[in-house]
Amino acid sequence: MASFWSDNSATRRVLVQVRSTAGRLRGYAAFWLKALRQPTIDLTLRTHTGLITRIVEAPGLSISEAELDELVSQLRVVAAKTLPKESLTYGIFSGERERLSRAIVTLISEEATGRPIAFNALSVMKVELDGEPVEVTHLGLVMVDPDERGQGLPWVLYGLTALVLFARDGLRPKWISNVTQVPSVVGMVSQTFSDVFPSPHPGSRQSFAHLQLARGIMSRHRAVFGVGEEAGFDVARFVITNAYTGGSDALKKTFEAAPKHRDEQYNAWCARELDYVRGDDVLQLGRIDLAGARRYIQRDVPAGSLPALLAASAILALQRLILPVVYWLDDTRPFGSLRPWRGNGR
């Protein structure tokens, strides 16, 4: 009899786990389907127990004035906990719609209370490459409430939104940029993305594409990362000298205070290349591509989020392999250079 009840209890636990996994899969599938359909992203996803992640693309264009004010207020709540005695005035913190029209905000909040605990604010910059305009996604500012650190949030804040944009754009490689003096972030970018320069990795080389993009960013987009016009730029090393003069002054750190990477090579590289007393930053450029997406999924996403990966893989395969055929056969709407059939022979 004891064996019967024990077997019954084990069966119930398995069924509960199966139902829970199925529910998460449905939620993640809905998330990725929306990501691929929406012209501008506004998605909500449960990424951790008790936490909700919202990704909003171009909030300066896509949401109402009241919603925008509320979003900026939530970002400032997190910033106030992170920098209690300082304030930031550049980029998204200005509250200007024009600045927020180029931003992509990832906000993590408590599900029960709605209290914001972390965010990442990406920006999209138009830069010229080989005579043609291209978009560079700047990884932007990341802040986490000090009381909430250690919950495994970096995989969401640093990679999830980039992965969503990569999937939404049909798995086409996308240029990314990063400006920082934090060794842990230098290491994260170097390990996650492809063709990153500068980086401590032996194969890191400055290409002509890197050079063109860096010059375009420094000549036109300093305000995105709070660097003043008086800051210098070492074009050989991609180091911004005296960088904390354009509204980001409160972010300046000593080397001792800057969060370190578990791999010592990144800490040593930053200590050697950057003058922390003067206030230097490094401008990193790289790409998110299939190889980078695979590294991110395999290394950074926790095992507990496996349902998210399964749903993402299925939807990516759908978008890449099946949807183009569906669009080709659908003569009622445009797709790329294809135009809908009008029924008049033209």
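The following legends describe close-up views of a predicted model.

**View 1. The hairpin of strands E1 and E2 in the predicted model.**
Strand E1 (residues 42-48) and strand E2 (residues 51-57) run antiparallel and are joined by 5 bridges. The two strands form a hairpin with 2 residues between them. In the turn, Gly-50 has a positive phi of about 80°. Next to the turn residues, the pairing includes His-48, whose bridge partner in E2 is Leu-51. Strand E2 is mostly covered, with 6 of its 7 residues buried.

**View 2. The salt bridge between Asp-42 and Arg-54.**
Asp-42 of strand E1 and Arg-54 of strand E2 lie 12 residues apart in the chain. Their side chains form a salt bridge in which the closest N and O atoms are 3.0 Å apart. Asp-42 is partly exposed, with a relative accessible area of 27%. Arg-54 has a relative accessible area of 22% and is likewise partly exposed. With the cut-off for burial set at under 20%, Arg-54 at 22% therefore does not count as buried. This pair belongs to the 12 salt bridges that the structure holds.

**View 3. The pairing of strand E2 with strand E3.**
Strand E2 also pairs with strand E3 (residues 103-110), in the antiparallel sense and over 7 bridges. One of the residue pairs shown is Ile-52 with its bridge partner in E3, Ser-109. Strand E2 thus has bridges to E1 and to E3. In a regular strand, side chains alternate between the two faces of the sheet.

**View 4. The salt bridge between Asp-145 and Lys-81.**
The side chains of Asp-145 and Lys-81 meet with an N to O distance of 3.0 Å. The pair links distant parts of the chain, 64 residues apart: Asp-145 is in the loop between strand E5 (132-144) and helix H5, and Lys-81 is in helix H3 (residues 65-82). The two partners differ in exposure: Asp-145 counts as buried at 1% relative accessibility, whereas Lys-81 counts as partly exposed at 36%.

**View 5. The salt-bridge network that includes Asp-145 and Lys-81.**
Salt bridges link Lys-81, Glu-110, Arg-115, Asp-145, Asp-147 and Glu-148 in a network. Of these residues, Glu-110 lies within the range of strand E3 (residues 103-110), and Lys-81 lies in helix H3.

**View 6. The salt bridge between Asp-234 and Arg-237.**
The closest N and O atoms of Asp-234 and Arg-237 are 2.8 Å apart. Asp-234 is partly exposed, with a relative accessible area of 26%. Arg-237 counts as partly exposed at 27% relative accessibility.

**View 7. The second largest cavity and its lining.**
The model has 2 cavities of 30 Å³ or more, and the second largest holds about 40 Å³ of space. Gly-159, Ala-162, Leu-163, Thr-192, Phe-193, Ile-288, Gly-292, Ala-293 and Tyr-296 line this cavity. Helix H5 (154-168) and helix H9 (290-300) are the elements that give two or more residues to the lining. By class, the lining has 6 nonpolar and 3 polar residues, and no charged ones. Rolling a probe the size of a water molecule over the atoms shows where empty space is left.

How values were computed. Residues are numbered from 1 along each chain as its sequence is written. This is a predicted model: local features need pLDDT of at least 70, side-chain atom pairs count only at pLDDT 80 or more; totals for chains, interfaces and linings use all residues. Side-chain values use heavy atoms; hydrogens and water are left out. On a 1 Å grid over the protein atoms alone, a cavity is a set of points where a 1.4 Å probe fits but cannot get out, and a pocket is an open set with protein on both sides within 12 Å along at least five of seven lines; lining residues have an atom within 4 Å of a point. Grid points are joined across faces, edges and corners, and a volume is the space filled by probe spheres set on the points. Helices (H or I, at least four residues) and strands (E, at least two) are DSSP runs, numbered from the N terminus. Ala, Val, Leu, Ile, Met, Phe, Trp, Tyr, Cys and Pro count as nonpolar, Asp, Glu, Lys and Arg as charged, and the others, Gly among them, as polar. A salt bridge is a side-chain nitrogen of Lys or Arg within 4 Å of a carboxyl oxygen of Asp or Glu. Buried means under 20% relative accessible area, exposed over 50%, partly exposed in between (1.4 Å probe, protein chains only). Two strands pair if DSSP finds at least two bridges between them.
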